[in-house]
Number of protein chains: 2
Amino acid sequence: MKSEKISDAVVRRLPVYLRFLSELSMREVATVSSQELGQKLDLNPAQIRKDLAYFGDFGRKGIGYDVSYLIEKIRQILNLDQQINVALVGAGNLGQALSNYNTYLKDNMKIVAVFDASPSKVGQKINSLTIQPIEDMVETVQRLKVRIGIITVPDVEAQRVADQLTSAGIEAILNFAPTILKVPSEVRLHAADFTTDLLSLAYYLDNEKENDKHDA
Amino acid sequence: MKSEKISDAVVRRLPVYLRFLSELSMREVATVSSQELGQKLDLNPAQIRKDLAYFGDFGRKGIGYDVSYLIEKIRQILNLDQQINVALVGAGNLGQALSNYNTYLKDNMKIVAVFDASPSKVGQKINSLTIQPIEDMVETVQRLKVRIGIITVPDVEAQRVADQLTSAGIEAILNFAPTILKVPSEVRLHAADFTTDLLSLAYYLDNEKENDKHDA
DNA sequence: TAGATTGTTAATCGATTAACAATC
DNA sequence: TAGATTGTTAATCGATTAACAATC
């Protein structure tokens, strides 16, 4: 464990490694090289080796990486060797969709509470969790030791929710609302706004510009 | 219009600019400086000026940017001055959630077709669109001139769907399935996998490591 | 031993930021 | 004219990739 600063880019690749390694594990593949990983994940093998080497010497020269061991190590690095409690704020369509991934993401991440501002939603069940009024959020987050909040409320409410989550002592927020949130620097914030993704894709559409290319 | 290569990072910021500018426009703000933009969007003003300058001289020295004009220009850059037809493949919870954003994202992007593999879903309505069998996908995509596909099917089906969309001549894919897809280089692919986002957030959780810090 | 593959250093590449002349 | 702010060049910073000694 060297005490270098690990960049965001590196951290965001770890779950990708983890996912593919789990697949290998299910196929009972015992060992994998950075070469093979790179091929499957469209990444440079040197980059993969470097990423992993930040956290320890997980590989064996001439052999590669032991799949099970590497899975264990990456899970440790990502704090997934313990249960991480998550709260979902906003029980609309998107919130419901995410809560369904609960079983899927059982990398020890668990949605333990769901909140919504609308009285008509409160009391309903969503995957065995009862939707709670947003007024109970601070208290419940603290009681259940929720560490990550997922925001799926309309954009005009997102900042208020973020503020409340922050005051409840949340450590990280995944924000699906299409708006830039301001949170104190000790709260980790990630924007997961797919409208941005979708609009930026449009840039790459051909637009028949190519038709003009009748070059010599 | 200089013919420099524009980086992905630049393109992904354009929709963020656009969104905030629209907000300003609704508030009837006529002019904005890179300074103000940077403040609101947590970006360096020089970066914003540089981003915009790739595409033209949109600002006025000493004054700033005309909000309406800049909106128009960014929409042109992103090809949003024409209707872009989108197909949604996978009518599960996530697919339904995304289709609800249809009204919201009416930046000329429109979901014009929804497909699902499950016979029980086919024929049902989702926001006034009838869910079609996935077998009709290639034909429908071509007939309706769909240019962007959104994949929200289970990960094991995602590659097959991507292949079919590709063969139908789609230009870009937004993939929500947690798997790495392979598509030909002429198809623009963006991964919108929130499980990756969520797992990477866990890295930043405190984990009481800080308690050990009793330094001199 | 020969072949394979890691971990790491150095080289390269690309993106961000600072600085400032131009000019509204 | 004085103040503000752009567009752009140069400087900096950071991330990716190549190369290779170490070693299984």
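## Two chains on two DNA strands

Sugar or phosphate accounts for 62% of the atoms of DNA strand D that lie within 4 Å of the protein, and bases supply the rest. What you're looking at is a predicted model, where local features need pLDDT of at least 70 and side-chain atom pairs count only at pLDDT 80 or more, while totals for chains, interfaces and linings use all residues. Residues are numbered from 1 along each chain as its sequence is written, chains are lettered from A and ligands numbered from 1 in the order in which they are written, and side-chain values use heavy atoms, with hydrogens and water left out.

### Exercise 1

Work out which residues come nearest to DNA strand D, and which element gives the largest share of the surface there.

*Solution.*

Step 1. Gather the neighbours. A residue is near a strand if one of its heavy atoms lies within 4 Å of it. DNA strand D has 25 residues around it, and the nearest are A:Gln47, B:Ser34, B:Arg49, B:Gly59 and B:Tyr65.

Step 2. Sort them by element. Helices (H or I, at least four residues) and strands (E, at least two) are DSSP runs, numbered from the N terminus. At least two residues each come from α3 of chain A and from α3, β2 (59-60) and β3 (64-66) of chain B. The largest share belongs to α3(A), with four residues.

Step 3. Sort them by class. Ala, Val, Leu, Ile, Met, Phe, Trp, Tyr, Cys and Pro count as nonpolar, Asp, Glu, Lys and Arg as charged, and the others, Gly among them, as polar. On that basis, the surface near DNA strand D has eleven charged, nine polar and five nonpolar residues.

Step 4. Zoom in on atom pairs. The side chain of B:Ser34 has a polar atom 2.6 Å from a phosphate oxygen of DNA strand D. For A:Arg13, an N or O atom of the side chain is 3.1 Å from a phosphate oxygen of this strand. A:Arg60 puts a polar side-chain atom 2.9 Å from a sugar or linking oxygen of DNA strand D.

### Exercise 2

Now do it for DNA strand C: find the closest residues and the element that gives the most.

*Solution.*

Step 1. DNA strand C is surrounded by 24 residues, the closest being A:Ser34, A:Arg49, A:Gly59, A:Tyr65 and B:Gln47.

Step 2. Here α3(B) gives the most, with four residues. Elements with at least two residues each are α3 (45-53), β2 (59-60) and β3 (64-66) of chain A, plus α3 (45-53) of chain B.

Step 3. The class count for this surface is four nonpolar, nine polar and eleven charged residues. Sugar or phosphate makes up 62% of the atoms of DNA strand C within 4 Å of the protein.

Step 4. Backbones join in too. A backbone N or O atom of A:Phe58 is 3.1 Å from a phosphate oxygen of DNA strand C, and a polar backbone atom of B:Lys61 is 3.2 Å from a sugar or linking oxygen. B:Gln47 uses its side chain, with a polar atom 2.9 Å from a sugar or linking oxygen.

### Exercise 3

Explain how chain A and chain B are related.

*Solution.*

Step 1. Copies are superposed by least squares on the C-alpha atoms of residues with pLDDT of at least 70 in both. A rotation of 180 degrees, with 0.0 Å of shift along its axis, puts chain A on chain B at an RMSD of 0.0 Å. The two copies are therefore related as by a two-fold rotation axis.

Step 2. Check the interface. The copies meet through the same surface, because 100% of the interface residues of chain A are also interface residues in chain B.

Step 3. Pick out one residue. B:His190 sits in strand β10 (residues 188-191) of chain B. Its side chain has a polar contact (a donor and an acceptor, N or O atoms within 3.5 Å; residues adjacent in sequence count only if both atoms are side-chain atoms) of 3.3 Å with that of A:Asp197. Beyond four places in sequence, B:His190 has contacts (heavy atoms within 4.5 Å) that include A:Leu201 and B:Arg12.

### Exercise 4

Trace the strand order of the open sheet in chain A.

*Solution.*

Step 1. Two strands pair if DSSP finds at least two bridges between them. The three strands run in the order β1-β3-β2, with antiparallel pairing. β1 (31-32) and β2 of chain A are at the edges with a single partner strand each, so one side of each has no neighbour in the sheet.

Step 2. Two bridges link β1(A) and β3(A), and A:Thr31 stands opposite A:Asp66.
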